[in-house]
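This report looks at how one protein chain is put together, beginning with its overall plan and then turning to its core, its strands and its charged pairs. Please keep the sequence and the structure in view while reading.

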Amino acid sequence: MKTKWTAIVLATVLVGCSNPGIVQTGPNAYLIARNSAAGAFANTAKLKAEVIREANDYAAKQGKVAEGISLKEVRPIVGGFPSCEYQFKLVGAGSSSENKPIQTKNIYLETGE
């Protein structure tokens, strides 16, 4: 019986930490979001790089380039799990609509205690 409960808890944790993948949010707009289960020990630079790399791989499979629209990082100060959300669009390889930086937002959450 104990192994059954261990398996159920483990499956629940793994499903809760799974990456939902890339979601199309508009005609040429995509979103990828990822959480880190490492909590306060999370490497947020690595988290951002993984998200951008996954977007680039997705675009390359379609013969395109991922052009960033926005990047949002949430890092709780006490408790919780850091996350990164990257919005991008696909453009033809070698072309870019503009050479402007993407909008970035860093959010640090504090508890009300």
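A contact, as the word is used here, means that heavy atoms lie within 4.5 Å. With that meaning in hand, one can say that residues 24 or more positions apart account for 63% of the contacts in the protein with a separation of 6 or more. The model discussed here is a predicted one, and every value in this report was computed from it.

## Overall plan

The protein has two helices and five strands, and reading along the sequence gives the pattern α-β-β-α-β-β-β. Of its 113 residues, 25% are buried, where buried stands for a relative accessible area under 20%. The accessible surface of the protein comes to about 7,800 Å², and carbon and sulfur atoms hold 57% of that surface.

An example of an exposed residue is found in the loop between helix H1 (2-16) and strand S1 (22-26), where Pro20 has its place. Pro20 has a relative accessibility of 62% and therefore counts as exposed, since exposed means over 50%. Although Pro20 and Ile32 are twelve residues apart along the chain, their C-alpha atoms are separated by 7.8 Å.

## The nonpolar core

Which residues make up the largest nonpolar core? This core has twelve residues, namely Tyr30, Ile32, Leu47, Val51, Ala55, Ala59, Ala66, Leu71, Cys84, Tyr86, Phe88 and Leu90. Two or more of the core residues come from each of strand S2 (29-35), helix H2 (44-61), strand S3 (64-76) and strand S4 (83-92).

Leu47, one of these core residues, shows how such a side chain can be followed through its neighbours in the model. Leaving aside residues up to four places away in sequence, Leu47 touches Arg34, Asn35, Ser36, Pro82, Ser83 and Cys84. Ser83 lies in strand S4, and with a relative accessible area of 17% Ser83 is buried. When residues up to four places away in sequence are again left out, Ser83 touches Arg34, Asn35, Leu47, Lys72, Glu73 and Val74.

## How the strands pair

Strands S2 and S4 pair in the antiparallel sense over six bridges, and in S4 the residue that stands opposite Ile32 is Tyr86. Both Ile32 and Tyr86 are also listed in the largest nonpolar core.

Strands S3 and S4 likewise run antiparallel, and ten bridges join them. Here Gly68 has Phe88 in S4 as its bridge partner. In the hairpin of S3 and S4 there are six residues between the strands, and Gly79 takes a positive phi near 70° in this hairpin.

## The charged pairs

Side chains of opposite charge can pair when their charged atoms come close. A search of the whole structure finds four salt bridges, and the table below sets out some of them.

| Salt bridge | Closest N to O distance |
|---|---|
| Arg34 and Glu50 | 3.3 Å |
| Glu73 and Lys48 | 3.3 Å |
| Lys89 and Glu67 | 3.5 Å |

Why does the bridge between Arg34 and Glu50 tie together parts that are 16 residues apart in sequence? The reason is that Arg34 lies in strand S2 whereas Glu50 lies in helix H2, so the pair connects these two elements. Arg34 counts as buried at 18% relative accessibility, while Glu50 is partly exposed, with a relative accessible area of 26%.

Because Glu73 lies in strand S3 and Lys48 in helix H2, the salt bridge between them ties together parts that are 25 residues apart in sequence. Glu73 is buried, with a relative accessible area of 6%, whereas Lys48, with a relative accessible area of 25%, is partly exposed.

The pair of Lys89 and Glu67 links distant parts of the chain, with Lys89 in strand S4 and Glu67 in strand S3, 22 residues apart. Lys89 is partly exposed, its relative accessible area being 24%, and Glu67 counts as buried at 13% relative accessibility. Finally, salt bridges that share partners join Arg34, Glu50 and Glu54 into one network.

Notes: Residues numbered from 1 in each chain as written. Predicted model: local features only at pLDDT ≥ 70, side-chain atom pairs only at ≥ 80, totals over all residues. Heavy atoms only, no water. Core = buried A, V, L, I, M, F, W, Y, C linked by side-chain atoms within 4.5 Å. Buried < 20%, exposed > 50% of the residue type's maximum accessible area, 1.4 Å probe, protein only. Helix = DSSP H or I, 4+ residues; strand = E, 2+ residues; numbered from the N terminus. Salt bridge = Lys/Arg side-chain N within 4 Å of Asp/Glu carboxyl O. Pairing = 2+ DSSP bridges. Areas by Shrake-Rupley, 256 points an atom, 1.4 Å probe, with all protein chains shown as cover.
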